[in-house]
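The following exercises concern a two-part reading of a structure: its sequence and its coordinates. Please work through each task before turning to its solution.

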Amino acid sequence: MNVTTCMKRHVVSITPGTTIHEAAAIFVKKHIGLLPVVDEDNKPIGVIGMRDLLKLELPDFVNFVVDVDFVHDFGAVEDTRPPAKTLNKTIKSLMRPVITVDEDCGLLRAYALMLQQNLHDIPVVSKDGKLIGIASRVDVGVAILSTWAKGE
Amino acid sequence: MPILAIIISSVIFFGSLILIFSEKINRSIVAIAGSVLMIGVGKIMGFYSEEAAIEAIDFNTLGLLMGMMILVAMLEPTGFFEYLAVLAARASQGKPIRLFLLLGGITTVLSMFLDNVTTIVLIAPVTILISEIIGVSALPYLVAEALLSNTGGVATLVGDPPNVLIASAAGLSFNDFLVYSMPIVLVALAGATFLLQALFKKELSKRPRRSKAVMKLNPAETLNHPENARRVLIVLGGATLFFFVHHFLHIEPSFVALSAASVALIWVQPDIHEILKKVEWSILLFFGSLFVMVGGLEHSGVLEIVVTLFQNADGMSPVLFGILMIWIVAALSAVVDNVPITIALIPVIKGLGETGMDISPLWWALAFGAGFGGSGTIIGSSANIIVATLSEKTRTPITSALWLKRGLPVMLVTCAIASILYALVYRWL
């Protein structure tokens, strides 16, 4: 069994020129956690995750104070928004390098990669490098567990 | 032959200093290599030896620093520093001026008894937290904390490494610092606080959006190990009592610090590997290596020449000489680390003493210059570097230009205050 058996074939992707503001709207509309960024040939050149956008809103102290249990009210930062200047920047400035798997990648290999690289979703590419699907940890995990039920 | 020894030992020392200040290679690595080279060359040329190098190391300084580092390493994970900052935040009720004075005050007092670096490393993150939740910029608070810890550290024997070095070399006691240094430092602190409040007037008069958020900070929850905090604080308190009487008992401050460290270790029984990891061995090695290098300068005759040069300033009044020393040392400390400067100047002052000059006021001039000078630039002291590096990871980084507008005036004012009081105290000389 390989990753194509469990991946979603309908992938929502964006181009590097998309603004952060537009990307946020796509996350909301599609209710997803990761957007592959592709070039004009539909080849993945990066990814942007929901957490990358949320990081823009997270207060600075979260990076310095390990244990925030004692802070019962985040006060002023609770209702701040990233400035318009940031939201109008393009995704290119924020996107991270993409880690993909080939269409013939085995399920266990895909799962191990996601575990080690701390990925929740992994884009799948064809032999010529084009984006053909995306698989989540749940997609891959369920596919692996289903083989137990079949007694394979 | 002595001329050659003088030239080569100077080249090794000043070459190492330049490498250290260029920050191209880690300073401890440079210092170790330089000290090994100094011994090697000294042995070949016959002016230095392993025995002489070991003798040149001031183990008093190293012991005192190590003892205090162990104590602080044990206090750090208890959450005590966060606890103090949260108490300050609540007491301020989120009002900027009050918060500014309270956080500044806590940092000042802590920096008098503990290492400035540790104080700042632990207070600065909570400062960023407090300012973010009330909705104001953390800049004034962070800059003030670094500057006040530079200033406050000069007050006590244990407050700052240059003081430890000076006390050990000059045989000054903990109480000598309380009598001769602290009063002047308190005036300098008042001046610095007043000045900072004026310089940051605009930021501090802005109304915070959510000042009430600080009231929901729970101090009790910041203490991870209340029992350990209590124990280490009791030991630190006991150590301070012994510091007050150490010279009556004829014990060195380093013995007090190391005894306190061992009592705390026995009482708390922490994971010793974790504690030792927090001890800054690179700093201890750096100090040790500098001692060895300066020992080489002493043995080759370089320091003698420097002493003779200073002696030519014989006609100058001693008070003026002291004030000049404050400003020259301060100017050097603003751009380079004050520890090598202090270690290099100590034998020079001692040499001047051997020529019959009354050097007791000069030790204080050296302490004020080395301590207050660090405020001048963003790289002037470790505390400055730490708040600057931390702020680089926030949305409002501290720039070196900002530091020149806020820190340099503080350096000038504290040095001026020290000079005036110094002149008043020592005018009869």
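The exercises below treat a helix, the nonpolar cores, a helix pair, the chain contact and some single residues.

This is a predicted model, in which local features need pLDDT of at least 70 and side-chain atom pairs count only at pLDDT 80 or more, while totals for chains, interfaces and linings use all residues. Residues are numbered from 1 along each chain as its sequence is written, and chains are lettered from A and ligands numbered from 1 in the order in which they are written.

**Exercise 1.** Determine which residues of helix α9(B) are buried and what covers them.

Solution. Helices (H or I, at least four residues) and strands (E, at least two) are DSSP runs numbered from the N terminus. A residue is buried if 20 or more other C-beta atoms lie within 10 Å of its own, exposed if 12 or fewer, and partly exposed in between, with C-beta atoms placed from the backbone. By this test Pro161(B), Pro162(B), Asn163(B), Val164(B), Leu165(B), Ile166(B), Ala167(B), Ser168(B) and Ala169(B) are buried. Nine of the 10 residues of α9(B), residues 161-170, are therefore buried, so the helix is largely enclosed by the rest of the structure. The cover includes α4 (59-75), α10 (174-199), α13 (253-268), α18 (338-354) and α19 (360-373) of chain B, contact meaning C-beta atoms, placed from the backbone, within 7 Å. Just after the helix, Gly171(B) takes a positive phi of about 70 degrees.

**Exercise 2.** Identify the residues with the most contacts inside the largest nonpolar core, and follow one of them outward.

Solution. A nonpolar core is a set of buried Ala, Val, Leu, Ile, Met, Phe, Trp, Tyr and Cys residues joined through C-beta atoms within 7 Å. The largest has 148 residues, and Leu71(B), Ala85(B), Ile326(B), Leu366(B) and Val387(B) have the most contacts inside it. Beyond its neighbours within four places in sequence, Ile326(B) is in contact with residues including Phe368(B), Cys415(B) and Tyr422(B). A second, separate core of 26 residues includes Met7(A), Ile48(A), Leu107(A) and Ile122(A).

Phe368(B) belongs to helix α19 of chain B. It counts as buried because it has 31 C-beta neighbours inside 10 Å. Not counting residues up to four places away in sequence, Phe368(B) touches Val154(B), Ile326(B) and Ala418(B).

**Exercise 3.** Describe how α8(B) and α21(B) pack.

Solution. The axes of α8(B) (residues 139-152) and α21(B) (residues 400-425) come within 11 Å and cross at roughly 25 degrees. This makes α8(B) roughly parallel to α21(B), a label for angles under 35 degrees. Val143(B), Leu147(B) and Thr151(B) of α8(B) meet Arg406(B), Gly407(B), Val410(B) and Thr414(B) of α21(B). These residues divide into three nonpolar, three polar and one charged; Ala, Val, Leu, Ile, Met, Phe, Trp, Tyr, Cys and Pro count as nonpolar, Asp, Glu, Lys and Arg as charged, and the others, Gly among them, as polar.

**Exercise 4.** How many residues of each chain take part in the contact between chains A and B?

Solution. The contact joins 15 residues of chain A with 21 residues of chain B. On the side of chain A, nine are nonpolar, three polar and three charged.

**Exercise 5.** Are Asn42(A) and Gln269(B) buried, partly exposed or exposed?

Solution. Asn42(A) lies in the loop between β1 (34-38) and β2 (44-49) of chain A. With 16 C-beta neighbours inside 10 Å, Asn42(A) is partly exposed. Gln269(B), in the loop between α13 and α14 (272-278) of chain B, has 9 such neighbours and is exposed. Neither is a glycine, yet phi is positive, at about 65 degrees for Asn42(A) and about 50 degrees for Gln269(B).

Terms used:
Two residues are in contact if their C-beta atoms, placed from the backbone, lie within 7 Å. Axes are lines fitted to C-alpha atoms, for helices over the stretch in contact, and angles run from 0 to 180 degrees between N-to-C directions. Angles under 35 degrees count as roughly parallel, over 145 as roughly antiparallel, 65 to 115 as roughly perpendicular and the rest as oblique.
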